[in-house]
Amino acid sequence: MAYGEGADPRPCTLVTGQTVAKAGLLLKATGALMETTNAGGDDVALGVSAADSTRDDAGVLSTSAGATCSYYPMGGVLMVASEALTWALGDVAYASDLGYCDKTSSSQKAIGIYVGLGETASAGDLVAINTNSAVVA
């Protein structure tokens, strides 16, 4: 099974100072640029990172203006980085801090429904989220 189940990754430019250190992080739009979602905000996730962002000649993640990364647009089942918690089939997933997802709504926007077999995730573990049910309101 391909990571994005047939979705093609899209390129984006990151907010200056922002890095993406792995696949599976939730990204939001900030004007014409992208950055990871934050806890407690009303962030609407537009996609999930496909890999690390731009690196400099020394191999360090670049924080310079114009740094880029690729992301999978929301839609279908995507593997999303999770907060440390236990997931059960049907749990609603919400955008959280550092581009992770969790099960706490507060003012966070829903990104979809957990469709795995049930698991206890450590921070950063990738979990299966059906993002077809992502909402804006």
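**Buried, bridged and paired: how the labels are earned**

Colleague: Why is Glu35 called buried?

Modeller: Glu35 has a relative accessible area of 17%. Buried means under 20%, exposed means over 50% and partly exposed is what falls in between, using a 1.4 Å probe and protein chains only, so Glu35 counts as buried. Mind you, this is a predicted model, where local features need pLDDT of at least 70, side-chain atom pairs count only at pLDDT 80 or more, and totals for chains, interfaces and linings use all residues. Residues are numbered from 1 along each chain as its sequence is written, and side-chain values use heavy atoms, with hydrogens and water left out.

Colleague: What makes Lys28 and Glu35 a salt bridge?

Modeller: The cut-off is a side-chain nitrogen of Lys or Arg within 4 Å of a carboxyl oxygen of Asp or Glu. For Lys28 and Glu35 the N to O distance is 4.0 Å, so the pair makes the list. Lys28 is buried too, at 11% relative accessible area. Searching the whole structure turns up 3 salt bridges.

Colleague: How do you know how Arg55 should be labelled, buried or exposed or in between?

Modeller: Arg55 sits at 41% relative accessibility, so it goes down as partly exposed. Its salt-bridge partner is Asp52, with the closest N and O atoms 2.5 Å apart. Asp52, at 32%, is partly exposed as well.

Colleague: And what makes Asp91 and Lys103 a salt bridge?

Modeller: Their closest N and O atoms are 3.3 Å apart, so they pass the distance test. This pair links distant parts of the chain, 12 residues apart: Asp91 is in the loop between β7 (85-87) and β8 (92-95), and Lys103 is in the loop between β9 (101-102) and β10 (110-114). Those strands are DSSP runs (E, at least two residues; helices are H or I, at least four), numbered from the N terminus. Lys103 is partly exposed at 36%.

Colleague: How do you know which strands make up the open sheet?

Modeller: Two strands pair if DSSP finds at least two bridges between them. Take β10 and β12: 2 bridges join them, so they count as paired, and they run antiparallel. One of the bridge partners is Asn130 in β12, matched with Ile113. The open sheet has 5 strands in the order β6-β12-β10-β8-β9, with antiparallel pairing.

Colleague: Why are β6 and β9 called edge strands?

Modeller: Each of β6 and β9 pairs on one side only, and strands need at least two bridges to pair, so with one paired side each they are the edges.
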